[in-house]
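Welcome, and thanks for taking a look at this one with me. Please have the 3D view open while you read.

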Amino acid sequence: MEADTPIPPPSWRPIRQIDYQPVSPAYLTLVTLTAVATILLPSVALLTMLIFRQQATLPLIGATVLLSMLLMLATVVMRRLKAQRLGYALRPGDVVVQSGLIWQQRISLPLSRLQHVSVTQGPLERRLNLATLNGYSAGSPQAEIVLPGLEPSLAEQLRQQLMDHAGVQSDEN
């Protein structure tokens with residue numbers, strides 16, 4: 001099929017109707033830990049500062065702890081719900097990543113535009129046996145698709161599969 005030839009309607013599915021593959025369940029643990037740390041560390045720093053300045057009264061400490069706990073709970077719930085919506089689909093001509101909770105996003109990166117795919121792991125990801133797949137397109141310095149929460153073997157398999165398909169797509173043009 002030529003690059004400029006439109007795909008006949010019966011042979012394509014809208015990206016809203018794609019069956020997306022979920023990320024690893026361990027990703028929920030990663031999201032929970034980072035959400036707790038994001039709220040807990042500044043809260044502890046604030047309480048420490050108030051205590052050392054001798055401005056901490058019991059109602060102020062109680063209010064700070066209560067507010068921190070509510071904020072932490074809301075952050076954990078929102079990030080976990082967002083993580084549960086994260087998914088991907090590898091189709092013959094593109095890779096699609098779905099993300100977001102309130103502002104939903106579906107990014108389709110044509111394999112013919114794919115230039116580079118990398119797999120990264122931070123320290124916490126390594127500890128939880130997770131990896132992030134990054135897909136770069138032609139002419140873009142940052143990743144067009146970012147897919148966290150994959151098991152490292154799956155991330156490497158997807159990286160190789162995407163690069164193999166991208167090479168075939170490039171050779172056909």
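The points below walk through the core and then the strands of this predicted model.

1. A good place to start is the largest nonpolar core, which has 24 residues. Those with the most contacts inside this core are Tyr27, Leu114, Leu133, Leu147, Leu150 and Leu162. As a general background, nonpolar side chains in soluble globular proteins tend to be buried together.

2. Where does this core come from? At least two of its residues are supplied by each of helix 1 (26-52), strand 3 (94-99), strand 5 (114-120), strand 6 (131-137), strand 7 (145-150) and helix 4 (152-172).

3. Try centring your view on Leu162. Leaving aside residues up to four places away in sequence, Leu162 touches Leu90, Val95, Leu111, Leu114, Val117 and Leu133.

4. Next, please find the open sheet of 4 strands, whose order is 1-2-3-4 with antiparallel pairing. Strand 1 (21-22) and strand 4 (105-110) each have a single partner strand and stand at the edges, so one side of each is left without a neighbour in the sheet.

5. Strand 1 is joined to strand 2 (residues 87-90) by 2 bridges, and the two run antiparallel. To see this pairing, look for Gln21, whose bridge partner in strand 2 is Tyr88.

6. Finally, turn to strand 6 and strand 7, which pair in the antiparallel sense over 4 bridges. Here Asn134 has Val146 in strand 7 as its bridge partner. Is strand 7 mostly covered or mostly open? Strand 7 is mostly covered, with 5 of its 6 residues buried.

Conventions: Residues are numbered from 1 along each chain as its sequence is written. This is a predicted model: local features need pLDDT of at least 70, side-chain atom pairs count only at pLDDT 80 or more; totals for chains, interfaces and linings use all residues. Side-chain values use heavy atoms; hydrogens and water are left out. A nonpolar core is a set of buried Ala, Val, Leu, Ile, Met, Phe, Trp, Tyr and Cys residues joined through side-chain atoms within 4.5 Å. Buried means under 20% relative accessible area, exposed over 50%, partly exposed in between (1.4 Å probe, protein chains only). Contact means heavy atoms within 4.5 Å. Two strands pair if DSSP finds at least two bridges between them.
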